[in-house]
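Here are some comments for a colleague at the bench, set out as numbered points. Please read them with the structure open beside the text.

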Amino acid sequence: AAELRPSAPPPGAVPPRVSSPALNGGGGVVVLSGDSEDEVELVPLSERVRRRMPPGAAGRSPAGGGDAAEGGGRLAAGCGGRAPPMTAALPGARPPPGPARAVGSGRPSLPPAAPLSEPAARPERPLRGGENPAAAPPPKKPKYSQEERGAICQAAWRRRKDREARKRQKEEERDRKKALAKVLKAQRPGECQKYISVVLDPVLLQAEGGAQVHAALQAANYSCVVESQAVPCSITWRRKSVLSQAEDGNEWTEEPNLLVLLGLEEFLSMVRGYKQEAQGCAQPKETLQSFVSHVMEKMPGKILALTVVEVEKYFRCLRAQSKKGLQRSAVTRSQAEHRGDQRKKQVKDPGLEITRLDVEDALVDLQLRTHVQVTFFESWEELGEFATMFTKAVAETPFKREQQNTGFSFYLENKWCRGVKVDHDGKGLFEVWKRQIQQFNRVSAEMAEAIVSAYPSPWLLVQAYSRCSSEQEREGMLADITVCRGAGVTATQRRVGPELSRRIYLHMTSHDPDLYLDVTG
């Protein structure tokens with residue numbers, strides 16, 4: 001470094017700052033001195049940057065380093081001999097925003113030189129956030145053998161198959177639930193009529209009131225089909241499958257019910273045949289029982305029901321004819337007695353007339369032997385209404401059967417066999433005590449009500465037993481309690497009795513778990 005010693009300035013003057021040519025070159029250190037013995041060492045920016053750099057990075061300085069040093073010398077010279085305060089360039093430091101101006105200069109100063117370092121000297125890939133530049137590159141993936149690759153492929157294939165199987169199972173379960181919901185909806189009242197079709201035999205429509213039956217079914221919005229049946233003058237039913245309807249199919253299921261209409265003359269002939277058979281007539285004739293057997297052979301597995309129209313009209317006509325016959329015979333007898341003519345009386349065959357008692361005997365025999373019931377109607381309009389109600393019952397049969405399909409063979413419907421809810425404040429314990437007394441054999445609700453009214457809790461009853469002096473008195477303590485049954489003029493009274501009193505006493509005081517209380521039961 002060159003050392004310059006200028007002449008001493010006059011007193012009071014500011015010593016000038018001298019710029020060395022070496023400063024402009026960026027390679028030397030300038031030492032300024034005045035009248036005092038202290039010397040100030042001015043180090044250029046490029047030299048300070050070079051000193052902060054690692055030893056091996058000095059030769060790789062960018063070309064702009066000299067310009068920065070030159071700019072630094074100019075700044076020092078333009079400041080009137082005073083160097084502006086400069087901040088050391090640290091790695092990662094950012095320049096201040098906006099163009100910086102030197103103090104005492106009208107032109108903008110050059111930006112500070114960027115710090116030189118080893119990572120900035122060589123161009124590399126941009127660093128990601130949080131990545132350590134000194135970290136080692138990621139290790140390469142290991143190479144798998146052919147057997148390992150095959151095992152990996154097989155595992156991936158199995159996982160894919162499992163996913164497909166689970167997906168297919170979920171779809172099947174969803175479809176099954178959807179179909180079940182549709183079937184249950186189709187079984188509900190109001191919806192099931194849409195899936196029922198009534199099949200009418202042509203002989204029924206040719207009867208006197210067959211058209212009225214058909215009209216009644218159509219008025220109830222039931223689908224009717226006219227087809228020849230195995231049994232003449234009969235009605236059957238078909239149910240369309242819900243799933244087949246969704247798929248626009250024609251799958252129908254035959255219902256087991258069968259309704260057969262018997263003509264009045266045909267029915268009376270069968271009753272007459274049963275009457276003759278009961279009287280021991282050798283000539284066999286068709287009866288109701290033989291007719292039912294013939295129908296069941298043609299259509300096995302069917303639930304048969306028989307109907308007859310205008311039976312009561314026949315009995316009314318028979319009653320009117322009998323009255324007219326009695327009147328006519330009385331007139332004829334009086335005329336014969338008046339003329340004195342003794343003619344032989346005409347005797348009618350009693351087997352030709354069918355009375356109401358004969359019909360009832362034939363129906364009882366039919367129900368006992370074949371479990372088939374016959375329903376009578378006064379008019380064809382009533383038969384049409386019955387056919388409509390019968391069709392509705394057939395349509396709602398699956399829904400009612402599903403309701404009755406429970407885990408128990410009985411229903412806890414009645415009030416006396418349901419449980420009693422007891423609140424936290426003890427409300428309901430009186431009813432529990434009453435139910436406990438009612439569980440005894442041959443104890444009605446009135447008896448239990450009378451006993452618990454006299455002793456509202458088991459503890460009061462036990463205390464009453466303890467106050468008795470003898471065993472016999474304890475056993476008969478409840479015998480005289482009055483039990484009221486009925487209300488108003490039909491009300492009756494009776495006593496609890498000694499037998500029930502003894503059973504309740506043994507139940508409340510005995511310590512034998514195998515004691516049989518109801519000795520007479």
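1. In which helix is Y505 found? Y505 is found in helix α19, which covers residues 498-509, and the reader should keep in mind throughout that this is a predicted model. With a relative accessibility of 5%, Y505 counts as buried, because the cut-off for that class is under 20%. Leaving out residues up to four places away in sequence, Y505 touches Y465, E471, R474, E475 and S510. The C-alpha atom of Y505 is separated by 9.2 Å from that of L461, although the two residues are 44 apart along the chain.

2. Helix α19 also holds a salt bridge between R502 and E499, whose closest N and O atoms are 3.2 Å apart. These two residues are three places apart in the helix, so about one helical turn separates them. R502 is buried at a relative accessible area of 19%, whereas E499, at 27%, counts as partly exposed.

3. Taking the protein as a whole, there are 19 helices and eleven strands, and buried residues make up 27% of the 521 residues. Among contacts between residues at least 6 apart in sequence, 63% join residues that are at least 24 apart. The accessible surface comes to about 36600 Å², and 54% of it belongs to carbon and sulfur atoms.

4. The largest nonpolar core has 27 residues, among which L262, F267, L288, L304 and L306 touch the most other members. Two or more residues each are given to this core by strands β7 (257-262) and β8 (303-309), and by helices α9 (264-278), α10 (288-298), α11 (311-339) and α12 (356-370). If neighbours within four places in sequence are set aside, F267 is in contact with L262, L288, V308, V359, L363, V374 and F376. A second core, separate from this one, consists of 24 residues and includes A448, L461, I481 and L517. As general background, nonpolar side chains tend to be buried together in soluble globular proteins.

5. Helix α9 also carries K275, which counts as buried at 17% relative accessibility. The side chain of K275 is joined to that of D358 by a polar contact of 3.1 Å.

6. The structure holds 18 salt bridges, and one of them pairs E255 with R239, with the closest N and O atoms 2.8 Å apart. E255 lies in the loop between β6 (252-254) and β7 while R239 belongs to strand β5 (residues 234-240), so this pair ties together parts of the chain that are 16 residues apart in sequence. Both E255 and R239 are buried.

7. A further salt bridge joins E312 and R356, where the closest N and O atoms are 3.1 Å apart. This pair links distant parts of the chain, with E312 in helix α11 and R356 in helix α12, 44 residues apart. E312 is partly exposed at a relative accessible area of 25%, and R356 is likewise partly exposed at 34%. Elsewhere, E227, R238, E254 and K302 are linked in a network of salt bridges.

8. On the surface, V422, L429 and V432 form a nonpolar patch whose accessible area together is about 220 Å². V432 has its place in helix α15, residues 429-438, and with a relative accessible area of 35% V432 is partly exposed.

Key
Residues numbered from 1 in each chain as written. Predicted model: local features only at pLDDT ≥ 70, side-chain atom pairs only at ≥ 80, totals over all residues. Heavy atoms only, no water. Core = buried A, V, L, I, M, F, W, Y, C linked by side-chain atoms within 4.5 Å. Buried < 20%, exposed > 50% of the residue type's maximum accessible area, 1.4 Å probe, protein only. Helix = DSSP H or I, 4+ residues; strand = E, 2+ residues; numbered from the N terminus. Contact = heavy atoms within 4.5 Å. Patch = residues over 30% accessible without salt bridge, like charges linked within 9 Å, V, L, I, M, F, W, Y side chains within 5 Å. Areas by Shrake-Rupley, 256 points an atom, 1.4 Å probe, with all protein chains shown as cover. Salt bridge = Lys/Arg side-chain N within 4 Å of Asp/Glu carboxyl O. Polar contact = N/O pair within 3.5 Å; in protein donor to acceptor, adjacent residues only side chain to side chain.
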